[in-house]
Amino acid sequence: MDETLAFSAPQPAAAGGSVPASGLHGLAFSKGHGTGNDFVLIADPEDAHQISPEQVAALCNRHLGIGGDGLIRAVPTRFLPEGLQLLEADAAAEWFMDYRNGDGSLSEMCGNGVRVFVQFLIEQGLVTLNAGESLTIGTRGGIKKIVRTAEGYAVDMGPWEFIFPKDATSKAMDSLVSADGLEVARPALSVSMGNPHTVVALAELSELKSTQLFKAPVVDPKPANGTNVEFVVPAEPLVHEGVGNITMRVHERGVGETQSCGTGACAAAVAIRHWAGEGAPDTWRVNVPGGVVGVRFFPGESGREHVELSGPAVIVASGTLS
């Protein structure tokens with residue numbers, strides 16, 4: 001449901017202190033989500049709004065702000081230094097998804113956010129995209145191509161890779177993860193989807209439910225830039241009608257537990273597929289607290305295997321900061 005809101009920019013920041021509201025008054029925004037992973041979205045076609053990390057944290061605060069797992073600014077790619085490099089590779093990437101986590105920190109990209117970003121561009125009249133057509137956008141995780149489908153959007157997330165490939169291939173694990181609710185540290189695989197993930201397999205849904213994600217799990221060794229941590233339970237049987245099925249919860253860097261994580265779903269499918277061994281399917285259904293997303297593996301043009309993420313995107317409200 002779309003509705004118009006008037007919102008007063010909050011003064012207290014999520015981490016305490018004061019956030020100046022000047023520069024945000026009258027700024028138009030939307031609120032959207034992809035399987036419960038929610039975002040504040042701002043269109044900035046002239047690159048006129050430099051929103052500070054403190055302001056991002058205040059706007060994403062669920063008690064004193066609009067609330068969201070992150071903030072996405074839609075800005076033409078040509079305005080950003082990292083965007084100019086992308087345009088050299090693909091001039092079609094006109095729009096850049098300038099994404100920040102809910103605490104204000106920069107993030108490479110967000111798989112659910114990409115879909116919501118494209119839906120936002122369409123509803124703002126900034127692009128036109130019919131079912132079956134594709135759109136190329138820029139992110140800090142590289143260029144992404146999105147196809148509009150009858151059910152939402154399918155995103156070519158690009159190639160995946162192990163963060164610690166030697167251990168991942170020789171030992172099928174590269175780190176240990178501890179979390180409240182788990183009696184002992186669990187083996188894990190670290191996967192890059194343009195951003196870092198550490199995937200832990202659990203045996204039972206009851207174990208997944210009892211895992212506490214109020215604070216960040218401890219990962220040893222931790223990837224250099226931190227990591228998102230996925231706890232995953234494979235279905236029994238794992239494969240039904242050629243599709244792998246898993247259930248996942250996630251703790252995201254700079255956010256905490258979220259209802260869904262698109263890149264995390266891809267990383268989880270990578271890890272479970274690796275552990276399942278030869279004959280594991282290329283198509284996966286990933287159940288998250290906010291819904292279901294699809295993951296598909298396919299050969300990329302460069303010869304490296306790519307991952308496609310598919311799922312819905314919804315804009316639920318629009319308004320102005322007052």
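Which side chain does Arg140 meet in a salt bridge? Asp98. I will start there and then go through two further pairs, a network and one helix. Keep in mind that this is a predicted model.

So, Arg140 and Asp98. The distance, nitrogen to oxygen, is 2.8 Å. Arg140 sits in the loop between strand 6, residues 134-139, and strand 7, residues 142-148, while Asp98 belongs to strand 5, residues 95-101, so this contact ties together parts of the chain 42 residues apart in sequence. On accessibility, the two partners fall into separate classes. Asp98 is buried, at a relative accessible area of 2%. Arg140 is partly exposed, at 25%; buried would require a value under 20%.

This pair also belongs to something wider. Salt bridges with shared partners join Asp44, Asp47, Arg73, Glu82, Asp98, Arg100 and Arg140 into one network. For the structure as a whole, the count of salt bridges is 19.

Next pair: Glu305 and Arg273. Their side chains also form a salt bridge, with 2.8 Å from nitrogen to oxygen. Here a strand is linked to a helix: Glu305 is in strand 19, residues 305-311, and Arg273 is in helix 6, residues 262-276. The two are 32 residues apart, and the pair links distant parts of the chain. Arg273 counts as buried, with 15% relative accessibility. Glu305, at 26%, counts as partly exposed.

The third pair stays within one helix. Asp167 and Lys171 meet in a salt bridge at 3.7 Å, again nitrogen to oxygen. The cut-off for calling a salt bridge is within 4 Å, so this pair qualifies. Both residues lie in helix 4, residues 165-171, and they are four residues apart, which is about one turn of the helix. As for accessibility, Asp167 is partly exposed at 27%. Lys171 is partly exposed as well, at 48%; to be classed as exposed, a residue needs a value over 50%.

Last item, and a change of topic: helix 1. How many of the eight residues in helix 1 are buried? Six, so by the under 20% criterion this helix, residues 53-60, is mostly covered. The buried ones are Gln55, Val56, Ala57, Ala58, Leu59 and Cys60.

To recap the three pairs: Arg140 with Asp98 joins a loop to strand 5, Glu305 with Arg273 joins strand 19 to helix 6, and Asp167 with Lys171 lies inside helix 4. That is what I have for today.

Methods: Residues numbered from 1 in each chain as written. Predicted model: local features only at pLDDT ≥ 70, side-chain atom pairs only at ≥ 80, totals over all residues. Heavy atoms only, no water. Buried < 20%, exposed > 50% of the residue type's maximum accessible area, 1.4 Å probe, protein only.
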